[in-house]
Each structure stands twice: as C-alpha cells, then as structure tokens.
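I opened my notebook next to the sequence and the model today. Here is what I looked up, entry by entry.

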Amino acid sequence: MAEFHYRSCNLCEAICGLEITHENGRVRSIRGDRRDPFSRGHICPKALALKEIYEDENRLRRPLRRTGDGWREISWDEAFDETVARLREIQARDGRGAVAVYQGNPSVHNFGTLLSSGELLKALQTPNNFSATSVDQLPHHFAAWAMFGHPLLIPVPDIDRTNFFLILGANPLASNGSLMTAPDIVNRLEAIKRRGGRIVLLDPRRTETARAATEHHFIDPSSDAFFLLAVVHTLFAENLVDLDRLAGFTDGVEILREISKAYTPAAAEPLTGVPAAVIRRIAVEFGRAERAVCYGRMGLSTQKFGGLCQWLVNAINVLTGNLDRAGGAMFTTPAYDILAATKGGAIYDRWRSRVRGLPEFMGELPVAALADEILTEGAGQVRALVTSCGNPVLSTPGGARLERALEKLEFMVAIDIYVNETTRHADIILPPATGLEVSHYDVIFNLLAIRNTAKYSPALFPAADGARYDWEILQTLARRLTGKEEMGPVAPEARLDFGLKFGKYGLSLDKVRAAPHGLDLGALEPSLPERLFTADKRIALAPEIIVGDLGRLAAELKKTTAPADEFPFALIGRRHLRDCNSWLHNAEVLMKGKNRCTVLVSTTDAEKLNLRDKQLVRVASRTGAIELPAEITDRIAPGVVSIPHGYGHARAGVRLATAARRAGVSVNDLTDPETLDELTGNAAFSSVRVSVKAV
Ligand SMILES: Nc1nc2c(c(=O)[nH]1)N[C@H]1C(S)=C(S)[C@@H](COP(=O)(O)OP(=O)(O)OC[C@H]3O[C@@H](n4cnc5c(=O)[nH]c(N)nc54)[C@H](O)[C@@H]3O)O[C@H]1N2
Ligand SMILES: Nc1nc2c(c(=O)[nH]1)N[C@H]1C(S)=C(S)[C@@H](COP(=O)(O)OP(=O)(O)OC[C@H]3O[C@@H](n4cnc5c(=O)[nH]c(N)nc54)[C@H](O)[C@@H]3O)O[C@H]1N2
Ligand code: SF4
Ligand SMILES: [Mo]
C-alpha cells in the first residue's frame, strides 16, 4: 500500500511543500503539496533529485580513509579517533589557527547542522573560520549590522503586497528567490502586475526574470552603486524623501543628502550604461508609489562594492518610508527566533587574516584568503582543514589555486556525502545521512520568508545503514576534542521545541508537528523600533564605517574606464533552474537536455570575434583559462560574458556519474581571490576581466 509523506524541500531557499508517495522503502512520486499554505503546490524539477540522492550509489554512507591508491571504508570510531587525534596534535604543536574550518551552503538548509556547528567551532577556537557566506551574502549581513544592529536582521521584500518591485542583480525565476523565501515566485510576480503594480529589473543579462518584469534595463556590471546613489540623489532632488514613521528613530538623513549631491543621474549614465532619464524616472516612480521595495541580491553582493550596494538598497527603502511597512521591506517574526539567542555588537575586526590582513566579521574571515593561509609559510600557517557541506574548490574564487593548497595540507577531514573536487583531498570523509533521511525545520529561511510560517518535517526514511546525522558528527567531534565524550550527541529537536515554546506564538514541536502541511502565521508585521538591535534603538542611515567606503568608489571613477585590451570582457555568473551550486549534477533527472555550461556572448561581440554558436572558445583571465562552448545571444549586454558556476567535475578521482564528470568546466578557475569587496571581504565574482578567443 502506497503511503503519503509531507515535507519541505530543503534544496533551495523556497522551502516548497512536497507530497511524496512511497511504498516499501521506495519513493514512488514527488509532487507539490497543494495543502502547504505557503508554497500552494509549487515545486521545481530539483525536488525530484531527492529521490535520486536517496538512491545514489555514489553517495557515501560509511566513513572513508584515504590509502595510497584509493579509499578504504573504516568504522565510525576509527574515523573519529583518527580525526580528533590529528586535529589535537596539530593544534597542540602549531596553535589553534593551524586548523581551519570551511562550512558550505547546505549547512544552513539543515537545522541539525546549523544548531550543532557552533559546538565544533567552540571546541576548535580557530581564528581561521571560513564559510560560503563570504562568496555570497556577506554584504547583506554587514549592512544589516551597521544599520539595524544585527547581521541577521535582514529585511525581506514584501512582494505579496508591493506595487513597485525594483530588482537589481537577482534572478528569482532561476534561483527561486534568495534572502526572500517566496515559493511559487512566478505567480507572486504575476500578481504584482495583475494588481497594476510594476516590476523593474536591472541586470547585465536579460534573464528569465526579465520576461516576468514590466521593464528590464542592461546595467554595466559592478556599477550599481552609482545607479543607487543616483536614485537617492533624485529622491532628495524631487522632494520624494518621506520617512513616515521611521523619521522618529532614524539618524543620518542629512548626511545622505549631502553625500548624494554629487551623484546625479547624468553622472551615473556613462558609468552604468543606464540613460539618466531612465534612472530619474525609475526613482520618481519608486518615490511616488504607495508601496515600493528595492531588492538586490547576488549580482550586487558578489561585486567590488557589495557593501555599498546593500547599504544603498536599504537606504532607498528607508528614505521612502518603505522599510517596515506593508509592501516594502519588512522583518519577519519567526516562530523559532534565532536572533533571540544571539547578539549584534562588536563583531568586526577583532582579528585579521595572517597573510593579507583582512578583517574578521561575525567570527569569520573571507574565504578568498584561505589558499594564502595554507600556502604561505610561517607561524600561524594553516596545516589542517575541516570542511562541512562545502565544495570550495568549485565555489570560491581561484578554486584551482585552492586545490593546489589542499594538496599541501597535513590533514584534512570532510563531512560530506560525495568524493568530489574538494573532498577527494581529504584524509578522512565522514558521510552524514541526508535528504529524505533527515527531519527538517527551516530555522534560517523562515527568518527570511515573505510570510511568517512554521513547518516541521519528520524524516521519511531511517538513516542509511552506517550513516550518522550531521549533528551527530559535529557534536561527537566537538565533545571528543574537548574531552567530554561521555556526553552523547543530542538530537536538535529538543532545542527546536524549546525555541518554539519561547517564541512569539507559543508553539511547541508537537503543535507544529500536528500540522504536516505547515502553519501560516500571517503576513509580516511592522516591528520597529522594538526589533532593532542598535544600542539606541535607532536606524543608522549613514554608518561611518560604510560611508567611509565611498572613497574607494570615487577612486574607481578616476581609473581609466577603457577596459584593458588584454582582457576586454566583463565576466558574470548565472544560475540554471536545474542546477544547485556544485552538487546536484549526479542526479540524472537534472542533467538531461542540452549542455548548460556555456559562455554567453552577445551577438554584437560574436560578430566582431567571428564566433559561431556552440563553437569551442578559450576564456582566460589573470588567474587561469578554461575552454567551453559559446552560446551566442542578444540577451546579454555587449562587453559582458556569462558562465555558470559549480561545474568542472572532470578532475581525477571524483566519484560521480559519467554524465556529471563530462558536464563542463569551473568558472572559479578564472575568478580572482585578490579582488574583493574590500569593505566586507566578500568575493567579487561579477566583472572579472577576461578574454574570449576561438580555440
Ligand atoms: N563564480 C561563482 N561562484 C560561486 C557563486 C556564483 O554565483 N558564482 N555562488 C556562490 C554561492 S551563493 C554559494 S552559496 C556557494 C556554495 O558553495 P559551497 O557551499 O562550497 O558549495 P556547494 O556546491 O553548495 O557544495 C555543497 C557540498 O555539500 C555536500 N552536501 C550536500 N548535502 C549535504 C548534507 O546533507 N550534509 C553534508 N555534510 N554535506 C552535504 C555536497 O556534496 C557538496 O560537496 O558557491 C559560491 N560560488
Ligand atoms: N536553480 C538554482 N537555484 C538556486 C541556486 C542554484 O545554484 N541553482 N543557488 C542558491 C543560492 S546558494 C543562492 S545564493 C541563490 C542566489 O539567488 P539570485 O541572486 O537570485 O541568483 P543569481 O541567478 O545568481 O542572480 C544574480 C543575477 O545578478 C546578475 N548580475 C551579475 N553581476 C551583476 C551586477 O554587477 N549588477 C547587477 N545589477 N546584476 C548583476 C546576473 O546576471 C544574475 O542574473 O540562489 C539559490 N537558488
Ligand atoms: S524551488 Fe527550491 S525548495 Fe522548491 S522544489 Fe525547487 S529546489 Fe526545492
Ligand atoms: Mo548562496
């Protein structure tokens, strides 16, 4: 008899409800759960991969130890013993910093991992703590911290009620939304248009989201800060600044007025490629709209001025009174409020990276500095690495160089489910149970959702024979490292239950569990100034630390604008609906169809270069070169080329299906760890200078 199982998909930020039919331990079908009040039956093709991950023969289930010519399965005890002994020995000899940690993206999609990784970090106490945050959303945290007092107090666009959605550098139709958990994004965007609202998009590529927008404009990569400053300028010039109730607790409006004086739309036109009249019109329409919200994502945070961009996005919402207002940018009141147990405060520059002197933020250093920390000799050198849920060889700038660095480590342990480009360098791999074998409650994406919701999904299947949960692995390592092994690992459910009981809605794990399709706790509600974490409970509209970075932007103006002849193109990334960073390429259902790892070249540039569609080209940068087919299109701005990340599995020793290993090359062999958003430390993937030549 087939049975039904309901859960949230945890593969991306949209947390769609799934209805899974299963029989005798096998998945029969995966569909959207129409009774999930948040996702209303929506899913994307990636959900089907949950079945394939569950059944995947290449997925690891027992610990592996590297041998001279391959891998040997070992017991958990042996794996823990050796890992702990090696980490202890190296830290005892060379200091705490000799062991580095890198945590990747899936760790925020698993509440057990999320609630347990802190314990391992505490046990290791290393200054060399890295994560995918610094190749992704670090500028959002930085701006939230500087303006609202807490790095996790990130405003979410209230798209169900807005009438003017200004989007820069995000492609929710491919990504399903980010720092904006909004399942069924297509219909939510359609609804904006149906109620007479507008969606305005700025992106160097005419993306899938451009098709859903009311208007799209090309913008030169990494020039967004000039565009946003010109919008601020116009709001002041046209008397459209009206903070409404925010005026009572906001500082810095006059500073922003002064700053923005020089940044006219006319000045922004040659820098951004967006006509001054268009910038002015967008600003005026935004300022006049009853409910408007400005939102900028990856394209803005992974560029040289990521911190300035996210600050200006917030500032535009504040200046027009749209922050903390329905239809604007709002804060959630989550049922499990991770902010309640944390603090903002002094979390910047408490230490610096040894080699490049980059400041710490939120206890982390920029991952672009990791290879240097391993390769540069001297006291404090990184000798060992712990990775968890991450594939930095494919996902961080200068991945090829990091790979060479990994070969130099004395010891590496990876908590991961595959032997991939990163984990193949490990001495020991500790494989967790994953996907349908784990329970789920979304601690992070409920914090970033466009409605307040809560949903608990039990595991569908028991952990594969031999596998442990991520939380078990993390807690066991931590406890053995600190000599507290008599305390066994504790399932994260107890903490969840506790947090839910203390939360605003007085829920409990039992109450949430009793609603298998999830609970809708209502639309977002105004919560300021109470929710602010600044000491004075005021919004800092012009924080000194961010304003100080404008000097770097001004210096950019003085540089010659003519791109160097050697590398005439600006490289940007792109996401495809059926990819998930580097790690779902083993799922056959997602790999069907045409090759997605291509370089997009504009029709104009292709003519100049004499390129044919699908022709193999060599794309080179200061740091490396890769070869891949060109895809010629009028949907990308001339002078810009685009390559997706997460490919490049052809490296020796990677244990993935043949289709995955054949599928493309790694764009991060071209990206540059030396170029950062110097304010926040985030990697600058956008605008890497490259050349393109026929092979
Ligand atoms: N050029 C360029 N680079 C980029 C980006 C870009 O746009 N352009 N995007 C960046 C962004 S936004 C991000 S978030 C990063 C992602 O960077 P990473 O987090 O480093 O990489 P992922 O590809 O997400 O790798 C996830 C790893 O976790 C493993 N895994 C999957 N499920 C589990 C699990 O349940 N438990 C454990 N322990 N492991 C698991 C997978 O096998 C895989 O090795 O990439 C960044 N890199
Ligand atoms: N299908 C799928 N979904 C995913 C992921 C995935 O790999 N695949 N990854 C998940 C993760 S980890 C994340 S962080 C989110 C990211 O979610 P999004 O930010 O929505 O994802 P991207 O597709 O990277 O969108 C970035 C957009 O910025 C544009 N861009 C690049 N440079 C610039 C610039 O300088 N200025 C402007 N204005 N635009 C620019 C790019 O052309 C691109 O369209 O997606 C998540 N969802
Ligand atoms: S949109 Fe994201 S959460 Fe929804 S089914 Fe696809 S991968 Fe899963
Ligand atoms: Mo990400």
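**Entry 1: ligand 2**

How do the residues of the shell around ligand 2 divide into nonpolar, polar and charged? I found 12 nonpolar, 12 polar and eight charged residues in that shell. A reminder to myself before going on: this is a predicted model.

In total, 32 residues surround ligand 2, and I noted Ser175, Asp203, Ser222, Asp224 and Asp579 as the closest. Next I looked at backbone contacts. Ser222 has a backbone N or O atom 2.7 Å from an oxygen atom of ligand 2. A polar backbone atom of Asn581 is 2.8 Å from an oxygen atom of the ligand. For Asp579, the partner is a nitrogen atom of ligand 2, 2.6 Å from a polar backbone atom. Taken alone, ligand 2 has 930 Å² of accessible area, and the protein covers 96% of it. I also checked which elements give two or more residues to this shell, and they are helix H5 (172-175) and helix H12 (298-301).

**Entry 2: ligand 1**

Which residues come nearest to ligand 1? Of the 29 residues around this ligand, they are Tyr102, Asn105, Ser395, Asp416 and Ser582. I wrote down three polar contacts. Asn105 places a backbone N or O atom 2.6 Å from an oxygen atom of ligand 1. Cys389 has a polar backbone atom 3.4 Å from an oxygen atom of the ligand. Arg575 takes part through its side chain, with an N or O atom 3.1 Å from a ligand oxygen. The protein covers 96% of the 920 Å² of accessible area that ligand 1 has on its own. By class, I count 14 nonpolar, 11 polar and four charged residues in the shell.

**Entry 3: Ser582**

I went back to Ser582, one of the residues that come nearest to ligand 1. Ser582 is in the loop between strand S25 (569-572) and helix H22 (588-591). Is Ser582 buried or exposed? Its relative accessibility is 11%, so I filed Ser582 as buried. The Ser582 side chain also makes a polar contact of 3.0 Å with the side chain of Asn391.

**Entry 4: ligand 3 and the cysteines**

Around ligand 3 I listed several residues, including Cys9, Cys12, Cys16, Cys44 and Asn176. That shell divides into nine nonpolar residues, one polar and one charged. Cys44 counts as buried, because its relative accessibility is 14%.

How many disulfides are there? The count comes to zero. I took Cys294 as a test case. The closest cysteine sulfur to that of Cys294 is in Cys309, 9.8 Å away, so the pair is too far apart for a bond. Cys294 is also buried, because its relative accessibility is 3%.

**Entry 5: helix H2**

What span should helix H2 have? H2 has 19 residues (76-94), so at 1.5 Å a residue it should span 27 Å, and the C-alpha atoms at its ends are indeed 27 Å apart. I then noted the buried residues in H2: Trp76, Ala79, Phe80, Glu82, Thr83, Val84, Leu87, Ile90 and Gln91. An α-helix has 3.6 residues a turn, so residues three or four places apart point the same way. After H2 comes Gly95, with a positive phi near 95°.

How values were computed: Residues are numbered from 1 along each chain as its sequence is written. Chains are lettered from A and ligands numbered from 1 in the order in which they are written. This is a predicted model: local features need pLDDT of at least 70, side-chain atom pairs count only at pLDDT 80 or more; totals for chains, interfaces and linings use all residues. Side-chain values use heavy atoms; hydrogens and water are left out. A residue is near a molecule or strand if one of its heavy atoms lies within 4 Å of it. A polar contact is a pair of N or O atoms within 3.5 Å; within protein, one must be able to donate a hydrogen and the other to accept it, and residues adjacent in sequence count only if both atoms are side-chain atoms. Accessible areas come from the Shrake-Rupley method with a 1.4 Å probe; for residues, only the protein chains shown count as cover. Ala, Val, Leu, Ile, Met, Phe, Trp, Tyr, Cys and Pro count as nonpolar, Asp, Glu, Lys and Arg as charged, and the others, Gly among them, as polar. A disulfide is a pair of cysteine sulfur atoms within 2.5 Å. Buried means under 20% relative accessible area, exposed over 50%, partly exposed in between (1.4 Å probe, protein chains only). Helices (H or I, at least four residues) and strands (E, at least two) are DSSP runs, numbered from the N terminus. The expected span of a helix is 1.5 Å times one less than its number of residues.
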